[in-house]
Amino acid sequence: MKSSFAVVERRAEQAVKFFYSHLFWHNPDIRELFPASPEDMERQRDRLFAALTHVVSRIDDDSLGPYLRDLGRDHRKFLVGPEHYAVVGSSLLAALAETSGAAWTPRVEKTWAEAYQVVADAMLAGAAASEDPPWWDAEVVRHLRYGEDVAVLTLRPHLPFPHLPGQYAGVSSDRVPRTWRTYSLGNAPRADGTVDLHVSRIQGGRLSPALVAETRPGEVLRMGAAGGRLTFRRTDRPVSLIAAGTGWAPVRAILEYLVEHPPDQDVRLFVVARDGAHLYDRPLIDTYAASCRWLGVTYITPAPGQHRNQATDRLATALSHRGLWPDQDVYLSGPAPFIGETAHVLEELGARPDRLFHDRVPAVGTGNGPGGRPLGFGEWFLHRPAPHWHDPAARTPE
Ligand code: HEM
């Protein structure tokens with residue numbers, strides 16, 4: 001199985017094309033479940049196929065169980081039903097057979113088929129066991145713009161929407177049908193059940209420009225179940241929170257939680273922005289800093305007139321001044337390359353990898369795949385990119 005996968009990896013593009021052609025040719029109705037735009041479809045090719053091959057080839061990994069359960073639950077929001085799994089499996093096997101050449105033997109085929117079945121069964125079981133609705137309709141009750149590029153949308157889900165401070169959720173709008181994007185939730189759970197989405201407009205993106213510039217109060221969006229591992233773990237260690245851009249949202253949610261449940265140890269917040277105008281929540285942060293003895297804040301922006309890359313250097317300097325990294329829990333949030341780069345700096349400074357918390361799966365469009373393509377989910381695991389978060393050329397459509 002591993003050797004056939006190695007062959008497929010080298011010919012991934014061909015395998016992916018074959019997979020979708022086969023799937024849509026034999027099951028024309030299934031095309032309706034996928035995004036209409038060719039760009040989104042291109043991205044989806046990466047995501048679904050890369051995830052399929054990634055997951056199936058790592059079938060022995062214990063951490064897959066909970067992941068597949070949630071993935072199956074979440075596929076209901078794409079209108080995927082039990083009847084679709086077998087046909088996707090057939091097309092996957094057909095694509096692997098076509099691409100693997102001599103490495104495809106009856107034994108290899110049997111192993112892949114069995115592995116796919118295990119994955120499909122785990123996802124189907126997750127979907128069947130879930131008591132959550134397939135998605136939550138959520139009305140926009142407030143829409144605040146911060147400059148051209150950032151908006152904070154307050155949504156009121158029609159049913160209770162369980163989430164923890166620091167999590168994110170998939171979001172979709174009828175303005176861009178069947179296109180889902182992931183946004184962090186910028187608040188700890190509230191008594192009135194509303195949630196804030198912090199949305200940064202991605203140039204050339206599909207959903208974010210609609211959410212930032214067009215969506216109005218009264219509109220109804222769809223939300224998938226909350227997920228993500230950037231949730232606060234209380235320990236008796238000091239804490240550093242490091243946020244860049246709208247990566248501020250989950251950190252804001254964690255801070256809200258901490259304000260309600262004050263920690264014994266000190267907390268240092270680093271907020272990184274490309275310029276002062278992008279520190280859109282500064283008044284709130286300053287209020288917290290003034291009223292919470294345990295909180296210290298460092299704002300990082302480039303010096304006036306300097307390129308925004310300078311913020312990275314300034315952050316590295318500020319982090320080196322904090323010291324005592326091995327003793328701390330660190331929560332990191334921002335574009336995926338920013339996380340990679342900052343985690344590297346922190347490890348050099350002595351931070352322990354098991355005390356660095358961030359979401360490994362990038363929000364769509366924050367990464368960059370080979371050849372400048374947006375990074376697919378599976379691809380992220382297979383080929384982590386070199387970090388260039390400040391390079392504008394590396395910003396890709398979401
Ligand atoms: C059985 C193994 C499967 C795996 C491992 C898998 C994996 C994935 C992953 C990782 C994503 C991206 C998730 C996200 O963005 O939230 C995805 C999206 C999707 N999958 Fe699956 N999937 C499987 C089966 C299926 C089946 C049977 C269908 C039915 C046609 C399907 C249709 C879709 C659709 C429509 C999307 C969303 C497309 C988009 O947002 O661009 N998947 N899948």
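Helices (H or I, at least four residues) and strands (E, at least two) are DSSP runs, numbered from the N terminus. This is a predicted model, in which local features need pLDDT of at least 70 and side-chain atom pairs count only at pLDDT 80 or more, while totals for chains, interfaces and linings use all residues. Residues are numbered from 1 along each chain as its sequence is written, and side-chain values use heavy atoms, with hydrogens and water left out.

**Exercise 1. Describe the salt bridge between R252 and E256.**

Step 1. A salt bridge is a side-chain nitrogen of Lys or Arg within 4 Å of a carboxyl oxygen of Asp or Glu. For R252 and E256, the closest N and O atoms are 2.8 Å apart.

Step 2. Both residues lie in helix 8 (residues 248–260), four residues apart, or about one turn of the helix.

Step 3. Buried means under 20% relative accessible area, exposed over 50%, and partly exposed in between (1.4 Å probe, protein chains only). R252 and E256 are both buried.

**Exercise 2. Find which parts of the chain are tied together by the salt bridge of R201 and D149.**

Step 1. The side chains of R201 and D149 meet at 3.8 Å, N to O.

Step 2. R201 is in the loop between strand 5 (195–200) and helix 7 (207–214), and D149 is in the loop between strand 1 (136–146) and strand 2 (150–157), so the pair ties together parts that are 52 residues apart in sequence.

Step 3. R201 is partly exposed, at a relative accessible area of 24%. D149 is also partly exposed, with 24%.

**Exercise 3. Locate D329 and R237, and say whether each is buried or partly exposed.**

Step 1. D329 and R237 form a salt bridge, with 2.9 Å between the closest N and O atoms.

Step 2. D329 belongs to strand 10 (residues 329–333), and R237 to the loop between strand 6 (220–223) and strand 7 (239–244); the two are 92 residues apart.

Step 3. D329 has 0% relative accessibility and counts as buried. R237 is partly exposed, with a relative accessible area of 23%.

**Exercise 4. Describe the surroundings of strand 10.**

Step 1. Five of the five residues of strand 10 are buried, so the strand is largely enclosed by the rest of the structure.

Step 2. In a regular strand the side chains alternate between the two faces of the sheet. In strand 10, D329, Y331 and S333 point one way, and V330 and L332 point the other way.

Step 3. Two strands pair if DSSP finds at least two bridges between them. Strand 7 pairs with strand 10 in the parallel sense over five bridges, and A243 stands opposite S333.

Step 4. Strand 10 also runs parallel to strand 11 (residues 356–357), joined by two bridges. Here V330 stands opposite L356.

**Exercise 5. Compare the expected span of helix 5 with its end-to-end distance.**

Step 1. The expected span of a helix is 1.5 Å times one less than its number of residues.

Step 2. Helix 5 (residues 83–100) has 18 residues and should span 26 Å; its end C-alpha atoms are 27 Å apart, which agrees.

Step 3. Buried residues in helix 5 include H84, Y85 and V88. G101, which follows the helix, has a positive phi, near 60 degrees.

**Exercise 6. Which protein atom is a donor of the iron atom of the ligand?**

Step 1. Donors are N, O and S atoms within 2.8 Å of the metal (3.2 Å for Na, K and Ca); water is not among the atoms, so sites may look incomplete.

Step 2. The only protein donor of the iron atom is NE2 of H75, at 2.0 Å. H75 lies in helix 4 (residues 64–75).
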